[in-house]
Amino acid sequence: MKRQTASRGNRYLLGLGTGYGYNIISILVGFWLTPFILSIITREEMGVVSLASSVIAWGTIVYIGAPAALNLQLSRQAEHPDIDQISRLLSTGLLVQIILSLLVLAVGLLV
């Protein structure tokens with residue numbers, strides 16, 4: 001029996017849907033937990049939580065393009081893999097991620 005594979009469009013829509021689903025669930029959980037958190041912590045602790053959340057949000061915004069670019073380049077290597085090229089792509093992706101993380105950390109520490 002021949003196994004059917006999902007088309008590229010179906011896989012794209014599945015990935016897009018799960019990404020949006022994750023974001024929606026995260027937002028809903030955050031809204032649900034906020035009243036509980038505010039009733040437990042003090043004003044100063046809320047300031048620290050707010051600052052940490054802001055730094056994490058900036059990290060997410062800065063980091064948004066690196067994995068997508070790496071996935072695109074690696075998917076181009078799928079048909080005819082070149083180990084040297086894949087190694088260069090992965091090491092460059094890791095270096096970009098480290099630099100962006102350090103940049104966000106430095107901005108967070110300055111704030």
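Which residues make the nonpolar surface patch of about 900 Å²?

**View 1. The nonpolar surface patch of this predicted model.** Welcome to the outside of the structure. Y12, L13, L16, Y20, I24, I27, L28 and F31 together make this patch, which covers about 900 Å². One of its members, L13, sits in helix α1, a helix that runs over residues 8-40. L13 counts as exposed because its relative accessibility is 54%, and the cut-off for that class is over 50%.

**View 2. The largest pocket and its lining.** Here we turn to empty space. This pocket has a volume of about 270 Å³. Around it you will find Y22, N23, S26, I27, V29, G30, F31, L33, T34 and I37. Sorted by class, six of the lining residues are nonpolar and four are polar, with no charged residue in the set. I27 and F31 belong to this lining, and I27 and F31 also appear in the nonpolar patch of View 1.

**View 3. A68 in helix α3.** Helix α3 spans residues 65-76 and contains A68. Is A68 exposed or partly exposed? A68 counts as partly exposed because its relative accessibility is 48%. For a distance to check on screen, try A68 and A52: C-alpha to C-alpha they are 25 Å apart in space, with their positions 16 residues apart in sequence.

**View 4. V111, after helix α4.** V111 belongs to the segment that follows α4 (83-110). With a relative accessible area of 68%, V111 is exposed. V111 and V48 are 63 residues apart in sequence, and their C-alpha atoms are 12 Å apart in space.

Methods
Residues numbered from 1 in each chain as written. Predicted model: local features only at pLDDT ≥ 70, side-chain atom pairs only at ≥ 80, totals over all residues. Heavy atoms only, no water. 1 Å grid on protein atoms, 1.4 Å probe; cavity = no way out; pocket = protein on both sides within 12 Å on 5 of 7 lines; lining within 4 Å. Points joined across faces, edges and corners; volume = space filled by probe spheres on them. Nonpolar A, V, L, I, M, F, W, Y, C, P; charged D, E, K, R; others polar. Patch = residues over 30% accessible without salt bridge, like charges linked within 9 Å, V, L, I, M, F, W, Y side chains within 5 Å. Areas by Shrake-Rupley, 256 points an atom, 1.4 Å probe, with all protein chains shown as cover. Salt bridge = Lys/Arg side-chain N within 4 Å of Asp/Glu carboxyl O. Helix = DSSP H or I, 4+ residues; strand = E, 2+ residues; numbered from the N terminus. Buried < 20%, exposed > 50% of the residue type's maximum accessible area, 1.4 Å probe, protein only.
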